[in-house]
Amino acid sequence: MHSETRDGMRIDWDAPIEMSDGLVLRADVFRPVGEGRYPVLMSYGPYGKGLAFQEGYSTAWTIMAAQKPEVLEGSSNKYQQWEVCDPEKWVPHGYVCIRVDSRGAGRSPGVLDCHSLREIDDFRECIEWAGEQPWSSGKVGLSGISYYAMNQWRVAALRPRHLAALMIWEGAVDRYREASRHGGIACSFSKNWLEMQVKPLQHGRGERGARSAVTGELVCGPETVPDEELAQLRVDAWPSLINRPLDDDNYRDRSGLPERIEVPLLSAANWGGQGLHLRGNIEGFLAAGSQRKWLEVHGGTHWVEYYTDYGIGLQRRFFDHFLKGIDNGWDREPPVLLNVRRVDGFVQRAEHEWPLARTRWTRLYLHAEGMALRPEPPTAAATLDYDTMGEGLSFRSAPMAEETEITGPSALRLRLSSRTRDADLFAVLRVFDPAGKELLFYGALDPKTPVGQGWLRASHRKLDAARSTPWRPYHTHDELQPLAPGEPVDLDVEIWPTSVVVPKGWSVALTLLGRDYEHGQDSAALSNMKNPMRGCGPFVHDDADDRPPAVFDTVCTLHLDPADPAWLLLPVVPEAAKEVG
């Protein structure tokens, strides 16, 4: 470790934190110059505490600077790092910021095993270490996006003595349903993420890795270890994921236990986070055992809002109240703050529950005649075939007679058969203007995404009756129920929450596919993502082992029956509460 005073901060580089098994993790500690005891904001993860945001995620940095120039103001930006707070925006306000390289990553040695039980226990020990330092007030808050948020749901369940507050910004809670297998279908993001964002920052890459632009030190440690040795020091989660189609202890050990959380928390979700950064923040908020919990939902680019004046202002009020004891009115804030999405931006609104109590749960029935969504069931039976790798089936509502807000979770009920023993169903909620052009929103990672998405593998259709609601079917994923070719089965599909105010004259549509949605326009790319993004961001389902063409490249049949009609359930919000902001 070496220490210095620069840019108005005392900085301890590579501070050692010894774990219970004797391994020493390394942390950078940014603290105020003045003597005293200060509350701590901590992050713990595998992205290399010495890697500059601008270097490791160049396109993301460029996008953020263009979208929100305010992020760059009030800071030299020398200490900016991917998905964690900028110490220059926090230390002057009386906080200590600590970044810990997780076991096996960056400058911390050991076996790299992302989201493992050992990693979470390390995190707990780091929290206790921080709370006992002479410059610490004894209160530790956790802050960060994505990976740094996901592990908060887990470590908080261990109830560390010095843990005082959680800022869980766009992070999944359920490893199976949100991060690995959507509706039972394997999402390739995990495989590509390990290759693109984790392995390049494994401890031991040494000279093959980056150097810190601030300290000149090697981001991945001083030693350069041969690739074959590095492979032995790394757990590759993808094989276990692809070989485990059902929810089991492997997934549950890597999922949060929000019901065990007791400390105050603010869960910040993103409407555009279809595929990873949405469902968990809402489900975790609902399940959290804490009596002091808040949900905020925003839109826009995944990594940007956290760094904006809005995001930092929200975080600072929360942490000032719970880590500094400042009576700033936070405890009197309504529990839900929504940035309701309109075609031309967002309108902020405070609410008191989720889903909204005044929701009109509205069924739109699927009609073969005119391929329509209508408020009344069909009167005649019909069957519709579609090629699962083709354009699928699309049903559209009549133009809205008035402006209509849809905010909340949606659900789909239908009967489907396949010519093989299984089928993957991709349900896409869409909005079209009067000219027939689809409204595409800026998603968390992909700049062009539909309004909402849901997924279900037909053999995973078994429901948990105790945990299901009419608007959020909950599947057990504990047994396979293969299809008999040609025999229809009932499917209940969860469509992740959304928010959109549909203008008068516009229409809502539902598209059923056997593959990932694509918008058909120019694709987008990020330097830290492997594939071009065409409407689903990096959250695609293209693994041939999980989706063998002999099973999933087939023809499915939608069965429409007046006696048991297919329907889409939408959360229509009739009148707005008082808007804020």
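These questions and answers walk through a predicted model, from its sheet to its cores and its largest pocket.

Reader: In what order do the 11 strands of the open sheet stand?

Author: The pairing in this open sheet is mixed. The order is β1-β2-β3-β5-β4-β6-β7-β10-β11-β12-β13.

Reader: Which strands stand at the edges?

Author: Each edge strand has a single partner strand, so one side of each is left without a neighbour in the sheet. Neighbouring strands of the sheet are turned by 20° against each other on average, direction ignored. The edge strands are β1 (2–6) and β13 (345–351).

Reader: Is strand β3 largely enclosed or left open by the rest of the structure?

Author: Strand β3 covers residues 24–31. Buried here means under 20% relative accessible area. Of the 8 residues in β3, 6 are buried, so the strand is largely enclosed.

Reader: Over how many bridges does β3 pair with β2, and over how many with β5?

Author: Both pairings run in the antiparallel sense. With β2 (residues 9–18), β3 forms a hairpin that has 5 residues between the strands. Gly22 in that turn has a positive phi of about 95°. The count is 7 bridges with β2 and 4 with β5.

Reader: Which residues are the bridge partners of Arg10 and Val29?

Author: Arg10 has its partner in β3. Val29 has its partner in β5. The partners are Arg31 for Arg10 and Ile98 for Val29.

Reader: In which sense do β6 and β7 pair?

Author: Strand β6 spans residues 136–145, and β7 spans residues 163–169. Ile145 stands opposite Trp169 in β7. Over 6 bridges, the sense is parallel.

Reader: What angle does helix α4 make with β6?

Author: Helix α4 (residues 147–155) packs on the sheet. It touches β4, β6, β7 and β10. Its direction makes an angle with that of β6 of about 125°.

Reader: At what angle does α10 run to β11?

Author: Helix α10 (residues 279–287) lies across β7, β10, β11 and β12. Its angle to β11 is about 165°.

Reader: Which element gives the largest share of the largest nonpolar core?

Author: In soluble globular proteins, nonpolar side chains tend to be buried together. Here the largest nonpolar core holds 65 residues, and Phe53, Trp303, Phe318 and Phe319 touch the most other members. Elements giving two or more residues include β2, α2, α4 and α6. The largest share, 6 residues, comes from α11.

Reader: What covers the buried residues of α11?

Author: Among the buried residues of α11 are Leu314, Phe318, Phe319 and Phe322. Just after the helix, Gly325 takes a positive phi of about 75°. The cover includes β4, β6, β7, β10, β11 and β12.

Reader: Which residues is Trp303 in contact with, leaving aside its neighbours within four places in sequence?

Author: Contact takes heavy atoms within 4.5 Å. The partners of Trp303 are Phe53, Ala60, Ile63, Met64, Trp82, Ile145, Ala444, Leu445 and Leu526.

Reader: How many residues are in the second, separate core?

Author: Leu366, Val451, Trp506 and Leu510 are included in this core. Its count is 40 residues.

Reader: Which residues lie nearest the centre of the largest pocket?

Author: The largest pocket has a volume of about 540 Å³. Its lining has 28 residues. Elements giving two or more of them include β12, β13, β14, β18 and β24. Nearest the centre lie Glu402, Glu403, Thr404, Glu405 and Val572.

Notes:
Residues numbered from 1 in each chain as written. Predicted model: local features only at pLDDT ≥ 70, side-chain atom pairs only at ≥ 80, totals over all residues. Heavy atoms only, no water. Buried < 20%, exposed > 50% of the residue type's maximum accessible area, 1.4 Å probe, protein only. Pairing = 2+ DSSP bridges. Axes fitted to C-alpha atoms, helices over the stretch in contact; angles between N-to-C directions. Core = buried A, V, L, I, M, F, W, Y, C linked by side-chain atoms within 4.5 Å. 1 Å grid on protein atoms, 1.4 Å probe; cavity = no way out; pocket = protein on both sides within 12 Å on 5 of 7 lines; lining within 4 Å. Points joined across faces, edges and corners; volume = space filled by probe spheres on them.
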